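Please open the model in your viewer and keep the sequence panel beside it. The tour below goes from one selection to the next and says what is found at each stop.

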Amino acid sequence: MASLVGSRVERKEDKRFLTGKGRYTADINIANQTYAAFVRSPHARAKIKKIDTSKALKASGVVDILTGEHIAKDKIGGLIAGWAIRSEDGSEMKCPANPPLAKDNVNFVGDPIAVVFAETLDEAKAAATLVNVEYKVLKAVTSLSDTMKSEAIHEGIDKNLCYDWLLGDRQKVKEAFDKADKIIKLDITNNRLIPNAMEPRACVIDYNTASEEITCYTTSQNPHLSRLIMSAFGGVTPENKLRVVAPDVGGGFGSKINLYNEEIVCSWASKKIERPIKWVAERTESFLTDTHGRDHITHAELAVTNDGKFLGFKNETIANLGAYARVFGTVTPTYLFGPCATGVYIMPAAYSNVKAVYTNTAPVDAYRGAGRPEATYTIERIVDKAAIELGIDPIEIRMKNFPTEFPFKQTLVHQVDSGDYVAGLNKAKEMADYDGFADRKKESESKGKLRGIGVTTYFEACGIAPSPVVMMLGCGVGLWESAEVRFNPTGQVTVYTGSHSHGQSHQTTFAQIAADELGVPIENIDIVHGDTDKGTFGMGTYGSRSLAVGGVAIVNACKKIVAKGKKIAAKMLEASVDDVEFKEGEFVVAKSNKKKTIGEVAFASYLPGVRDEVKSPLPEGEEPGLIESSFFDPANFSFPAGSHICEVEIDPDTGEVKLDKYTAVDDFGTIVNPLIVEGQVHGGLAQGIGQALYENAQYDESGQLITASYMDYTMPRADNLPNFDIGYTCTKATTNPLGVKGCGEAGTIAATPTVMNAVINALGGQEISLPATAEKVWKACKEMKKSNSEAA
Amino acid sequence: MKKISLEVNGKKIVKDIPDHTVLSVLLRDVLNLTGTHIGCDTSQCGACVVHVDGKSIKSCSTLAVDVDGSKVTTIEGLAKNGKMHPMQEAFKKMHGLQCGFCTPGMVMSAIDLLQNNKKPSDTEIRDWLEGNICRCTGYQNIVAAVKEAASKM
């Protein structure tokens with residue numbers, strides 16, 4: 001049997017999605033369900049003076065209305081930050097309480113205040129408009145640069161500052177800067193984005209009055225953690241009385257890592273009103289209340305020698321947390337950002353200082369890449385600026401500063417186990433025909449167009465684990481992953497994983513891995529995920545961790561199955577265990593033709609008695625059955641890396657940026673399924689390009705989100721993007737037996753600086769802020785024309 | 001309330017529905033055809049695309065009463081005798097879907113394109129699908145799937 005790892009296996013999950021049989025949360029209906037509609041704050045910052053539900057309670061079909069008073073009375077806890085980050089002075093971070101329904105204060109437009117349950121959705125929505133809330137409206141804090149000078153929005157949190165964090169050595173950086181020939185300075189804004197999974201958030205809750213169990217069907221990347229938080233911090237019900245199911249989930253991109261207000265409120269309320277509850281977000285509700293991403297302002301400095309060697313790097317950033325700190329809110333702009341800000345380079349001295357602040361906007365948390373896109377944008381933009389100022393080719397300056405020996409001790413935290421950055425950039429250069437750019441530029445110019453080329457090299461720390469490290473850095477839980485492999489008596493295999501697929505294709509890739517390990521046809525292997533009642537605990541899917549952590553747990557559980565199977569086979573074949581080899585699904589006695597298939601061994605493991613000639617196949621001390629589990633906690637993160645090159649053509653009359661060519665060369669270690677990895681890269685690139693050219697979440701001064709629909713928030717569409725050229729180099733990860741590194745976030749991390757470097761190159765080095773919309777580019781073109789004519 | 005009669009995926013349907021019921025709600029909540037998805041409130045995302053009398057429309061912004069007497073085909077109605085439509089097969093072969101949420105609308109829209117243009121270019125495919133947002137794939141494999149289907153249909 002040929003190995004499936006490395007093969008373009010078509011997806012096992014596709015048929016149900018393609019025939020309309022996917023089962024998403026909003027597709028679930030439970031007999032006698034009520035419909036929930038939330039009353040949300042229309043103000044960014046206000047005190048709640050009075051909530052009057054009397055009129056709404058009398059409206060048609062209303063079953064009940066609950067408010068923050070009820071939450072407080074029942075002692076239902078709120079949402080939490082998952083990582084404790086300390087300030088440079090050693091003090092603990094400051095986090096406000098975030099009750100599931102606001103009782104006294106509201107802190108962003110969309111903050112939920114009350115919930116109406118009614119017999120129909122129309123009735124619930126109509127009654128929600130009758131809930132009368134009196135507010136004392138306060139001045140909203142929305143400008144990131146002014147936040148620390150503004151009035152504190154949360155009591156006891158001075159300057160709206162959650163923490164003032166430092167990683168690195170200021171003194172060493174000062175010494176390095178003193179030796180520099182030149183200091184390159186850059187001020188950038190990493191614009192705020194909205195993840196926009198196409199499936200809006202939803203939950204359907206079923207309270208079983210007999211068993212007193214709550215089942216919460218929800219749109220989560222992370223059902224086990226949602227159950228833990230809802231029980232341990234929400235106090236909704238004990239963990240063993242709560243089942244969280246994340247069925248088919250229509251994309252997450254980080255926005256569905258968090259447990260949300262609506263899930264806590266509806267789970268608690270279902271028990272209270274003893275009725276099932278269904279809530280589905282409208283798109284604008286998603287825009288207002290899903291966690292957002294990015295939103296940094298950064299001042300960076302790079303100390304260089306005249307010949308382009310890097311000596312030191314400073315990163316001073318203000319990061320917006322929004323109104324509240326959520327699960328990955330505090331770690332995204334620190335440990336997921338700071339260490340990667342020195343990029344792939346040898347950087348003798350560096351520090352990252354991040355001030356994370358609260359504003360009257362939606363909470364900001366992990367969005368695809370989480371911290372690493374912001375880091376890569378910072379370093380790759382300033383490296384390009386250094387190339388421009390020093391008159392060195394952008395590829396040459398990068399090559400000069402690459403490490404060539406691995407493991408490579410990166411400046412701020414990471415010990416990068418493997419990589420070959422030189423090979424990656426050389427391959428990208430060749431695939432992109434970098435040397436032919438000058439001719440293409442001339443051709444564009446002959447048509448009155450501007451042409452630019454942009455380069456990025458990146459690395460990222462993903463495969464988010466290892467527990468001892470992340471817990472030392474402040475994580476509230478261990479980030480291992482679990483797997484259980486059950487060999488059924490009749491030969492099929494069920495694999496339970498604690499990670500969750502919401503587009504990542506685990507049903508296929510994980511089955512490929514198990515098929516190779518067990519020698520069982522892939523058709524006979526089912527991957528089960530997303531249900532806290534099925535399988536062991538898990539830590540969910542984000543940070544490109546599913547394969548590098550969860551996939552390896554599956555491998556390890558399979559190895560235990562084979563080890564036990566070997567003992568059983570030895571007994572059945574009357575041979576010594578040491579003489580039994582396992583190969584392609586068969587246990588074979590060395591130098592003989594005696595063998596048993598793994599299916600036969602599995603069947604026998606469930607029949608441990610004596611019948612006729614058959615003696616028990618179980619060696620003494622072995623328990624019946626063939627079921628094994630494993631928890632995997634790697635020794636280190638994994639470190640994908642790559643080089644991307646793109647070319648843009650700009651029409652100076654309209655400012656329109658046409659993305660003409662995009663080449664991505666990535667090193668993901670072992671590739672389990674090239675078909676799926678290509679899809680992950682394409683999707684990641686689209687999101688990174690979206691940030692560079694189209695997407696921007698914008699609040700006005702009063703804290704109204706003015707990009708709260710697809711008419712105002714520009715999603716990349718089919719006609720905005722080119723076909724991408726994808727290539728790979730491969731150095732295997734040394735910290736897991738598969739050699740895999742993770743591929744989900746790479747495209748998003750690399751694409752934004754690659755495109756912006758190309759746009760800025762086309763504009764003759766003129767700085768432009770994210771996103772490079774037609775309007776901004778048109779203005780920059782006019783500016784360029786003006787300065788060119790002045791120079792002439 | 002109004003009585004409407006439709007043919008949905010070849011089956012005759014007669015229902016009394018409130019006048020303001022949109023077609024997507026009729027399909028999902030009344031007929032339990034949950035393959036048609038709702039991804040936005042502004043007729044922008046295209047997850048709800050179905051065929052009415054053979055033409056693709058956004059069912060979230062079509063009143064059910066306005067299609068009274070029509071033939072409606074949804075994603076559930078494409079496969080015949082357990083065999084998927086060539087467009088569905090092509091999406092699978094070319095990995096034209098990831099989370100699957102936009103997929104039903106994307107497939108229905110793409111089939112209508114090929115009814116109008118048997119051998120569309122990349123640019124024509126991308127222009128046609130401009131009304132369907134996908135957040136997962138970056139569209140490249142969707143375009144490849146439509147071309148693959150065009151070669152088989």
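How many residues does the contact take from chain A, and how many from chain B? In this predicted model, the contact takes 42 residues from chain A and 41 residues from chain B. Colour the two chains separately, and then select, on the side of chain A that touches chain B, helix H1 (14-18), helix H8 (283-289) and helix H17 (674-693), which are the elements giving two or more residues to that side. Of these, H17(A) provides the largest share, seven residues. By character, the residues on this side of chain A divide into 17 nonpolar, 14 polar and eleven charged.

**Chain A by domain**

Next, colour chain A by its domain assignment, which gives domain 1 (14-138 + 199-250 + 256-289), domain 2 (293-464 + 636-791) and domain 3 (480-632). Select domain 1 and domain 3 of chain A together: their C-alpha centres lie 39 Å apart, and the contact takes 15 residues from domain 1 and 13 residues from domain 3. On the domain 1 side, the elements to highlight are helix H6 (223-232) and strand E11 (242-245) of chain A, each of which gives two or more residues. The largest share of that side, four residues, comes from H6(A), and the residues of the side as a whole divide into eight nonpolar, four polar and three charged.

**Two helices that cross**

Now select helix H15 (residues 546-572) and helix H16 (residues 598-605) of chain A, which pack at an angle of about 85° with their axes 10 Å apart. Because of that angle, H15(A) is roughly perpendicular to H16(A). To see where they meet, show the side chains of A:Gly565, A:Ile568, A:Ala569 and A:Met572 in H15(A), and opposite them A:Ile598, A:Val601, A:Ala604 and A:Ser605 in H16(A). The residues of this contact divide into six nonpolar, two polar and no charged.

**The largest nonpolar core**

What are the residues with the most contacts inside the largest nonpolar core? This core has 292 residues, and those with the most contacts inside it are A:Ala36, A:Val116, A:Ala514, A:Ile554, A:Val755 and A:Val759. H15(A), the helix just visited, gives the most to this core, with 14 residues. Centre the view on A:Val755 and display its contacts beyond four places in sequence, which are A:Gly454, A:Cys646, A:Val648, A:Leu659, A:Ile689, A:Ala692 and A:Leu693.

From there, move along to A:Gly765, in the loop between helix H18 (746-762) and helix H19 (774-791) of chain A. Is A:Gly765 buried or partly exposed? A:Gly765 counts as partly exposed because 14 other C-beta atoms lie within 10 Å. Not counting residues up to four places away in sequence, A:Gly765 touches A:Ile388 and A:Ile760.

**Over to chain B**

Chain B is divided into domain 1 (2-77) and domain 2 (86-152), and the C-alpha centres of these two domains lie 21 Å apart. Where they touch, 15 residues of domain 1 are in contact with eleven residues of domain 2. Select strand E3 (49-52) and strand E4 (55-58) of chain B, each of which supplies at least two residues of the domain 1 side; E3(B) gives the most, with three residues. The residues of this side divide into six nonpolar, eight polar and one charged.

Go next to B:Ala47, in the loop between helix H1 (23-30) and E3 of chain B. B:Ala47 counts as buried because it has 26 C-beta neighbours inside 10 Å. Leaving aside neighbours within four places in sequence, the contacts of B:Ala47 include A:Met198 from chain A, as well as B:Phe101, B:Cys102 and B:Pro104. Measure in the viewer from B:Ala47 to B:Asn132: they are 85 residues apart in sequence and 6.7 Å apart in space, C-alpha to C-alpha.

For the last stop, select helix H2 (residues 86-93) of chain B, which is largely enclosed by the rest of the structure because six of its eight residues are buried. Those buried residues are B:Met87, B:Gln88, B:Glu89, B:Ala90, B:Phe91 and B:Lys92. They pack against H1 of chain A together with helix H3 (103-116) and helix H5 (140-152) of chain B. After H2(B) comes B:His95, whose phi is positive, near 55°.

Definitions and conventions:
Residues are numbered from 1 along each chain as its sequence is written. Chains are lettered from A and ligands numbered from 1 in the order in which they are written. This is a predicted model: local features need pLDDT of at least 70, side-chain atom pairs count only at pLDDT 80 or more; totals for chains, interfaces and linings use all residues. Axes are lines fitted to C-alpha atoms, for helices over the stretch in contact, and angles run from 0 to 180 degrees between N-to-C directions. Angles under 35 degrees count as roughly parallel, over 145 as roughly antiparallel, 65 to 115 as roughly perpendicular and the rest as oblique. Two residues are in contact if their C-beta atoms, placed from the backbone, lie within 7 Å. Ala, Val, Leu, Ile, Met, Phe, Trp, Tyr, Cys and Pro count as nonpolar, Asp, Glu, Lys and Arg as charged, and the others, Gly among them, as polar. A residue is buried if 20 or more other C-beta atoms lie within 10 Å of its own, exposed if 12 or fewer, and partly exposed in between; C-beta atoms are placed from the backbone. Domain bounds come from an automatic or database domain assignment. A nonpolar core is a set of buried Ala, Val, Leu, Ile, Met, Phe, Trp, Tyr and Cys residues joined through C-beta atoms within 7 Å.
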